[in-house]
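Here's a quick briefing to read alongside the model. Have the sequence and the 3D view open as you go.

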Amino acid sequence: LSPVCLVSHDYEVLDCGKAVNFTYYDHLVGIQNRASHLHIPEPEVANLFKKKSKKGSEIDIDSIERRLKKSKRDKPKSVEIYNQIANFWRIKGDTQASIECFRRALAVSPNNAEILLNLARVLFNLQYLDDAIFLTRRSLEVQPPDQNAWQQHFQLGEILKAYGHFQEAALHLRHVLELRPNHEPALAILKEMEAAPDSTVHVYTLLIIVFLVLAVLG
């Protein structure tokens, strides 16, 4: 490449093109509010690019960006590239840019289980729990039967725990352990929930309700 080409590529904007007008998921509040979200960096997402890194355990964000720019030039309408660019912006914490890329991908491939799961994680981090659980369940529904769905079950466990629905969360997390034995994050959450005085709190709450009802009737 000539020096001029290298410079132009350096100033190339890494995005997914013009925002699409419609996806089947635009009714979700977290997507409707995408322009006003806080920036929440997800540095752990860089691990998704780790297997493609030439530096072993070292992850070079600038190198990832250059690779994605090249991939975008080679395949400007690739759903997979849109998904990867969205994940890149998750690392940086630009939630709007990532959501727009996921929207563009879903406009082309609305039943892509991986993209639905990734978008659900972004909205979960932003505490849009209803949106996150809707998208994660949708991801589980459309996950190809020949592919392991442990990630969907794990994310459902996390979201349901955040809701306070510990029993249902535990069901999904135990299913994770069936699909991916000894998965440490799932084991840790299960242990945390088992140690929580949830049942005791419910008993005291019921006693208080009974006492108040008796007091009113009396």
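What follows covers two helix contacts and a pocket. Keep in mind that this is a predicted model. Helix α8 (residues 150-163) turns up throughout: α7 comes within 10 Å of it, axis to axis, α9 packs against it, and it helps line the largest pocket.

**α7 against α8**
- The axes of α7 (residues 129-142) and α8 cross at roughly 155°; angles over 145 degrees count as roughly antiparallel, so that's what this pair is.
- The crossing is left-handed.
- On the α7 side, the contact residues include Leu 129, Ile 133, Arg 137 and Leu 140, and among their α8 counterparts are Gln 152, Leu 156, Ile 159 and Tyr 163.
- Sorted by class, this contact has 9 nonpolar, 5 polar and 2 charged residues.

**α8 against α9**
- Helix α9 (residues 166-179) packs on α8 at about 155°, with the axes 8 Å apart, and these two are therefore roughly antiparallel as well.
- This crossing is left-handed too.
- From α8 come residues including Trp 150, Phe 154, Gly 157 and Lys 161, while α9 brings, among others, Phe 166, His 172, Val 176 and Leu 179.
- The class split here is 9 nonpolar, 4 polar and 2 charged.

**The largest pocket**
- Its volume is about 880 Å³.
- The lining takes 31 residues, with Leu 48, Glu 114, Leu 117, Asn 118 and Gln 151 lying nearest the centre.
- Elements giving two or more residues to that lining are α4 (79-92), α6 (113-125) and α8.
- By class, the lining has 10 nonpolar, 13 polar and 8 charged residues.

Technical notes: Residues numbered from 1 in each chain as written. Predicted model: local features only at pLDDT ≥ 70, side-chain atom pairs only at ≥ 80, totals over all residues. Heavy atoms only, no water. Axes fitted to C-alpha atoms, helices over the stretch in contact; angles between N-to-C directions. Helix = DSSP H or I, 4+ residues; strand = E, 2+ residues; numbered from the N terminus. Parallel < 35°, antiparallel > 145°, perpendicular 65-115°, else oblique. Left-handed = near helix turned anticlockwise from the far one by under 90°. Contact = heavy atoms within 4.5 Å. Nonpolar A, V, L, I, M, F, W, Y, C, P; charged D, E, K, R; others polar. 1 Å grid on protein atoms, 1.4 Å probe; cavity = no way out; pocket = protein on both sides within 12 Å on 5 of 7 lines; lining within 4 Å. Points joined across faces, edges and corners; volume = space filled by probe spheres on them.
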